[in-house]
Amino acid sequence: MKYTIKDNQAGFVLKNGVFQKMVGSGTYHFPKMLGYQVEIEEMAGELDYLDVPYQVLSKDPMFLSSTIHMEIPDGFLGLLYINGKLTSFAHRKEYTFWNVFDKCEIKIISMEETVIGEGVTKQMLSFVPTKFYTEISVGEGETGLVYYDNMLHQQLPKGIYRYWNYKYNISYQVIDMKQRELDIVGQEILTRDKIGIRMNIACMYKIRDAVEFAATVSDLKGQLYSTAQLAIREIVGNYRLDEILEKKEQASKEIYAVLKGREDMFCINFLSAGIKDIILPGEIREIMNSVLVAEKTAQANVISRREEVASTRSLLNTAKLMDENQTLYKLKELEYLEKICQKVGEISVDGTMGVVEQLGKMIGFRQAG
């Protein structure tokens, strides 16, 4: 049978299924009746012809000079480069590549050192499946805790860290060390005089020790919420309604003091705590509004009476001055007559008395003297 092999091809000659040799480009005749068979392969990339083990093929000099065989030991990873360009992750233990037209190479990377070194770039890791390594990103104001087989190994500052998951099972926590706010909204509380009110409370806190916190606390927000609720009820329940409205700042300080006394339970520091809002029931709010209106009305009446008394006292003082000084009385009388004349269009007088006397008589003024 006639076989034609091109320049970029190779032929594997088998007889009765047993590998005989590899042949290059050219035309060949192998009688099929004698059990000969030729498998033709493209000499590019990875060798796909796998029916014959590599150990058998490698005995042929031509095959050995045309291919490159690579093995990846345990504890190592492989990255495939073709003509110097990274192309893929080598996921098997053995590879055989044609080495005629393209230069193929597998770069071996050790996973024996748990911390991934600087020689392994971000581009390399982009080809490696994530099951082989762990990446930890620690941001501003955060602390990272890395564990080897669930044992704390290291505390990490801000940065990006990568570890191989070969010798150890890598796990981690990233703890936010920045201050946080805890809002308790609509907390229902019964005052000492048995009036139900609702309150909004705001707390500020921050974690003080990441390692101790991670080993001690599991549900920080939930536990802090419950603790703050108990503190609020403990303090506010000792106040009557009018007292809590008048002494809001004092109650806030007491709540903060109680929370400060319990912060060691959670490995945190309370920075502040206080009452934001007090929400009264509808009927209580109406009563309070009525009381406020009554108070303001009473205050307005007091002010009005005070002004009336002041005005009367001023008039009395003026009258005393005019009684004691006839000239002042006359001037005041003329002042009022001037004002009256400005309002009157026509005035009729007779000759029996002076003009001033007649005008004074019209308005009921008595003549001094």
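A residue counts as buried when its relative accessible area is under 20%, as exposed when that area is over 50%, and as partly exposed in between. The exercises below apply this to a predicted model.

**Exercise 1.** Classify phenylalanine 132 as buried, partly exposed or exposed, and describe its surroundings.

*Solution.* Begin with the position in the chain: phenylalanine 132 lies in the loop between α3 (122–127) and β11 (133–138). Next, take the relative accessibility, which is 22% for phenylalanine 132, so this residue counts as partly exposed. Then list the contacts: leaving aside residues up to four places away in sequence, phenylalanine 132 touches Leu77, Phe89, Met111, Tyr163, Trp164 and Asn165. Finally, consider one of these partners by backbone position: tryptophan 164 is 32 residues apart from phenylalanine 132 along the chain, and their C-alpha atoms are separated by 6.1 Å.

**Exercise 2.** Determine how cysteine 104 and cysteine 267 are classed by accessibility, and how many disulfides the structure holds.

*Solution.* Cysteine 104 has a relative accessible area of 3% and is therefore buried. Cysteine 267, at 1% relative accessibility, counts as buried too. For the second part, a search of the whole structure finds zero disulfides.

**Exercise 3.** Summarise the protein as a whole in terms of secondary structure, burial, surface and contacts.

*Solution.* Start with the elements, which are ten helices and 18 strands. Of the 369 residues, 33% count as buried, while the protein exposes about 23,000 Å², of which carbon and sulfur atoms supply 52%. Turn last to the contacts with a separation of 6 or more, where residues 24 or more positions apart account for 64%.

Key: Residues numbered from 1 in each chain as written. Predicted model: local features only at pLDDT ≥ 70, side-chain atom pairs only at ≥ 80, totals over all residues. Heavy atoms only, no water. Helix = DSSP H or I, 4+ residues; strand = E, 2+ residues; numbered from the N terminus. Buried < 20%, exposed > 50% of the residue type's maximum accessible area, 1.4 Å probe, protein only. Contact = heavy atoms within 4.5 Å. Areas by Shrake-Rupley, 256 points an atom, 1.4 Å probe, with all protein chains shown as cover. Disulfide = S-S within 2.5 Å.
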